[in-house]
Amino acid sequence: MSMLAEPTGVPAGYEAYGDDKHARVGFFTDTSVCIGCKACEVACKEWNLIPEDGLVWTGESYDNTSTLGANSWRHVAFIEQEKPLRVGADGELGIDRDGDGDALRWLMSSDVCKHCTHAACLDVCPTGSLFRTEYGTVVVQQDICNGCGYCVPACPFGVLDKRHIPSSPPESLNLVEGLGGKMDGRVWKCTLCYDRLKGGHEPACAKACPTKSIQFGPLDELRERADARLAKLDAEGWNGAQLYGRDPDDGVGGFGAFFLLLDEPEVYGLPPDPVVTTRDLPGLWASTAIAAASVAVGVAAAFFGGRK
Ligand code: SF4
Ligand code: SF4
């Protein structure tokens, strides 16, 4: 089992890379310029050879991906709101106000694994399949994932998911009888394109984004860029603009992939106050150890006391 979450601003395990450590990289997703084209979803699928999701018409939205999952490592949410895009300095409705005061806006946001500073998924993985890379990101090594699924409920964002379709290796590799028909059963999620990073390329989704809503780079630079962008939107009176996951005190020690949202996180299906789900484990183990020691002392006292 890997290291338990520690209350620092540095990802656990990252420092161990020493001289091989790269500057921590991540995403700043600026939803104010997302146009909902889903180019990121498609680029992610193409680069990572992710199978089809079995899309259906949800009937809830023009978004038929619905959620992140084993076969959707990027998900662009579409949210239709009866709210103005901007508000005046006095709180009055802004540029969307028409004659009768009605307003409508679309919120679009490309969600992804947050590559948390303190990632509970790492804490619970018994095989070391989930690991912290030299870029500070969180990756699943598929060849040693045993499909136990402990990480699935551990993630506070519901990112990790088991793949419930056959592995379908190419015919030529299908040497073991029946292998092609077996359920995959392993967990899959965004790797922040670890293979592309190693080759000196930016992640496929950021490369494909036509509006630069998905920005990739060193996390420190992205945070500065996000601060400047938020100040601009505030000055222009954008309604509800806020950063989500930018700061080390944002629940999981700050996200490696953080967002500029135009409403509260829960509107986008994101938890408003995420916590590292393994946060209380050290205390729980300590209590368990004390209780076990008390029982042992009690049994010993009864045994030796009874022999007098
Ligand atoms: S968002 Fe979930 S899967 Fe991604 S690093 Fe954080 S805990 Fe792990
Ligand atoms: S970084 Fe790569 S794996 Fe992650 S969502 Fe983007 S394209 Fe997919």
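User: In this predicted model, which residues come nearest to ligand 2?

Analyst: The place to begin is the list of residues around the ligand, and here, in a model that is predicted, there are 14 residues around ligand 2, of which C44, C190, C193, P203 and C205 come nearest. By class, that shell holds 11 nonpolar, 2 polar and 1 charged residues.

User: Which helices each supply at least two residues of the shell around ligand 2, and which element gives the most?

Analyst: Both α1 (39-48) and α5 (204-208) reach that number, and α1 gives the most, with 4 residues. Helix α1 is also worth reading for its burial, since A39, C40, E41, A43 and C44 are buried in it, and the cover over these buried residues includes β2 (75-81), β3 (105-111), α5 and β8. Just after α1, L49 takes a positive phi of about 55°.

User: How many residues are around ligand 1, and which come nearest?

Analyst: There are 13 residues around ligand 1, with C113, C116, A119, C121 and C155 nearest, and by class they divide into 10 nonpolar, 1 polar and 2 charged residues. C121 can be followed further, because contact here is judged by C-beta atoms within 7 Å: leaving aside neighbours within four places in sequence, C121 is in contact with L130, V138, C151, A154, C155 and L160.

User: How should one read the largest nonpolar core, and which of its residues touch the most other members?

Analyst: The general idea is that in soluble globular proteins nonpolar side chains tend to be buried together. In this structure the largest nonpolar core has 62 residues, and C40, C121, V138, C151 and C205 touch the most other members; β10 gives the most to this core, with 5 residues. Two of the names have already come up in the ligand shells, C121 among the residues nearest to ligand 1 and C205 among those nearest to ligand 2.

User: What does a helix with one buried face look like, and which residues of α6 are buried?

Analyst: An α-helix has 3.6 residues a turn, so residues three or four places apart point the same way. In α6 the buried residues are L219, L222 and A226, and, seen down the axis, the buried residues fall within an arc of 50°, so they line one face of the helix. These buried residues pack against β1 (25-30), β8 (214-218), β9 (242-244) and β10, whereas on the other side of α6 the exposed residues are D220, E224, A228, A231, K232 and A235. Helix α6, residues 219-235, has 17 residues and reaches 24 Å from its first C-alpha to its last, close to the 24 Å expected at 1.5 Å a residue; just after α6, G237 takes a positive phi of about 80°.

User: Where is P271 found, and why is it classed as partly exposed?

Analyst: P271 is found in the loop between β10 (257-261) and α7 (281-306), and it is classed as partly exposed because 14 other C-beta atoms lie within 10 Å. Leaving aside neighbours within four places in sequence, P271 is in contact with P156, F157 and P265, and the C-alpha atoms of P271 and G158, 113 residues apart along the chain, are separated by 9.8 Å.

User: What percentage of the chain's contacts with a separation of 6 or more comes from residues 24 or more positions apart?

Analyst: Such pairs account for 64% of those contacts, in a chain with 7 helices and 10 strands, where buried residues make up 35% of the 308 residues.

Conventions:
Residues numbered from 1 in each chain as written. Chains lettered and ligands numbered in written order. Predicted model: local features only at pLDDT ≥ 70, side-chain atom pairs only at ≥ 80, totals over all residues. Near = placed C-beta within 6 Å. Nonpolar A, V, L, I, M, F, W, Y, C, P; charged D, E, K, R; others polar. Buried ≥ 20, exposed ≤ 12 C-beta atoms within 10 Å, placed from the backbone. Contact = placed C-beta atoms within 7 Å. Expected span 1.5 Å × (residues − 1). Arc of directions from axis to C-beta. Core = buried A, V, L, I, M, F, W, Y, C linked by C-beta atoms within 7 Å.
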